[in-house]
Amino acid sequence: MSTPEKADNTNTVGAENPSAVRDDEDWRRELTPEEYRVLRQAGTERPYTGEYWDTHTAGVYHCRACGAELFTSNEKFDSHCGWPSFWAPLAEERVRYIHDRTLGMERIEVRCSNCDSHLGHVFEGEGYGTPTDQRYCINSISLKLVPAEGTAGADS
Ligand SMILES: [Zn+2]
């Protein structure tokens, strides 16, 4: 199913937030090499190696690069694919979609709509039995989980 590209992006509130606009050098400085490879070069972490693929903690998953709230534990489900999987984003305008044909098959890339960092891909019709039948297959390294109840392990 192809959704026509929207020419008008002005509904993405955060896009005009100057703090989310960084140049490549800034990203290299602020992110670890692995974060940079995934978030800014659309890399993919190896399955079952990420921090959150098997996490069940209640909370909100923020963009690792800019801190925007992207997903919540309410929509996370066990896909056993080795990456954190969600059946919907926190809100549709939090992410943007890009058609990706690089591997000879069409996949839909998911990016943070605030800072345009790569998050992962979305697949649908796989039969997981979730409310949307979609699987947002997201790299752990693109996310940062903020647990819901208290901030027990505040180690910042
Ligand atoms: Zn972001």
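Q: How many bridges join strand β1 (residues 59-63) to β2, and in which sense do the two run?
A: Two strands count as paired once at least two bridges are found between them. In this model, which is predicted, strand β1 is joined to β2 by 3 bridges, and the two run antiparallel. At the level of single residues, Val60 stands opposite Thr72 in β2.

Q: What is the strand order of the sheet that holds β1 and β2?
A: The order is β2-β1-β9, an open sheet of 3 strands with antiparallel pairing. Its edge strands are β2 (69-72) and β9 (143-147), each of which pairs on one side only. From one strand to the next, the twist averages 35°.

Q: Where do these strands fall in the whole chain, and what pattern does the chain follow along the sequence?
A: The secondary structure comes to 2 helices and 9 strands, and, read along the sequence, the pattern is α-α-β-β-β-β-β-β-β-β-β. The contacts add a view across the sequence: among those between residues at least 6 apart, 58% join residues at least 24 apart.

Q: What is the order of the strands in the open sheet of 6 strands?
A: That sheet has the order β3-β4-β8-β7-β6-β5, again with antiparallel pairing. Strands β3 (76-77) and β5 (95-100) stand at its edges with a single partner strand each, so one side of each is left without a neighbour in the sheet.

Q: Which strands pair with β8, and over how many bridges?
A: On the β4 side, strand β4 (residues 85-86) and β8 pair in the antiparallel sense over 2 bridges, and the bridge partner of Ser85 in β8 is Cys137. On the β7 side, strand β7 (residues 118-124) and β8 pair over 5 bridges, also in the antiparallel sense, with Tyr136 of β8 as the bridge partner of Val122. The pairing then continues beyond β7, where 4 bridges join strand β6 (residues 107-112) to β7 in an antiparallel run. Val122 appears here again, since Ile108 stands opposite Val122 in β7.

Q: Why is strand β8 described as largely enclosed?
A: The cut-off needed here is that a residue is buried if 20 or more other C-beta atoms lie within 10 Å of its own. By that count, 5 of the 5 residues of strand β8 (residues 134-138) are buried, so the strand is largely enclosed by the rest of the structure. Gln134, Tyr136 and Ile138 point one way from β8, while Arg135 and Cys137 point the other way, and all are buried. For the chain as a whole, buried residues make up 28% of the 156 residues.

Q: Which residues have the most contacts inside the largest nonpolar core?
A: The largest nonpolar core has 25 residues, and those with the most contacts inside it are Leu70, Cys112 and Ile138. At least two residues of this core come from each of α2 (33-39), β1, β2, β6, β7, β8 and β9, and β8 gives the most, with 3 residues. Leaving aside neighbours within four places in sequence, Ile138 is in contact with Phe71, Trp83, Pro84, Phe86, Val110, Leu119, Gly120 and Leu143.

Q: Is Glu124 buried or partly exposed?
A: Glu124 lies in strand β7 and is partly exposed, because 15 other C-beta atoms lie within 10 Å. Apart from neighbours within four places in sequence, Glu124 is in contact with Asp133 and Gln134. The C-alpha atoms of Glu124 and Arg135, 11 residues apart along the chain, are separated by 6.0 Å.

Q: Where do Glu51 and Arg28 lie, and how far are they from residues elsewhere along the chain?
A: Glu51 lies in the loop between α2 and β1 and is partly exposed, with 14 other C-beta atoms within 10 Å. Its C-alpha atom is separated by 8.7 Å from that of Pro84, which is 33 residues apart along the chain. Arg28 has its place in helix α1 (residues 24-30) and is partly exposed, with 13 other C-beta atoms within 10 Å. Between the C-alpha atoms of Arg28 and Arg40, 12 residues apart along the chain, the separation is 9.0 Å.

Q: What is the mean pLDDT of the chain, and where does pLDDT stay under 50?
A: The mean pLDDT is 87, and 83% of the residues reach 70 or more. Over residues 1-15 pLDDT stays under 50, and for that stretch the model has 10 contacts beyond four places in sequence.

Technical notes. Residues are numbered from 1 along each chain as its sequence is written. This is a predicted model: local features need pLDDT of at least 70, side-chain atom pairs count only at pLDDT 80 or more; totals for chains, interfaces and linings use all residues. A residue is buried if 20 or more other C-beta atoms lie within 10 Å of its own, exposed if 12 or fewer, and partly exposed in between; C-beta atoms are placed from the backbone. Two residues are in contact if their C-beta atoms, placed from the backbone, lie within 7 Å. Axes are lines fitted to C-alpha atoms, for helices over the stretch in contact, and angles run from 0 to 180 degrees between N-to-C directions. A nonpolar core is a set of buried Ala, Val, Leu, Ile, Met, Phe, Trp, Tyr and Cys residues joined through C-beta atoms within 7 Å. pLDDT is the predictor's confidence in each residue, from 0 to 100.
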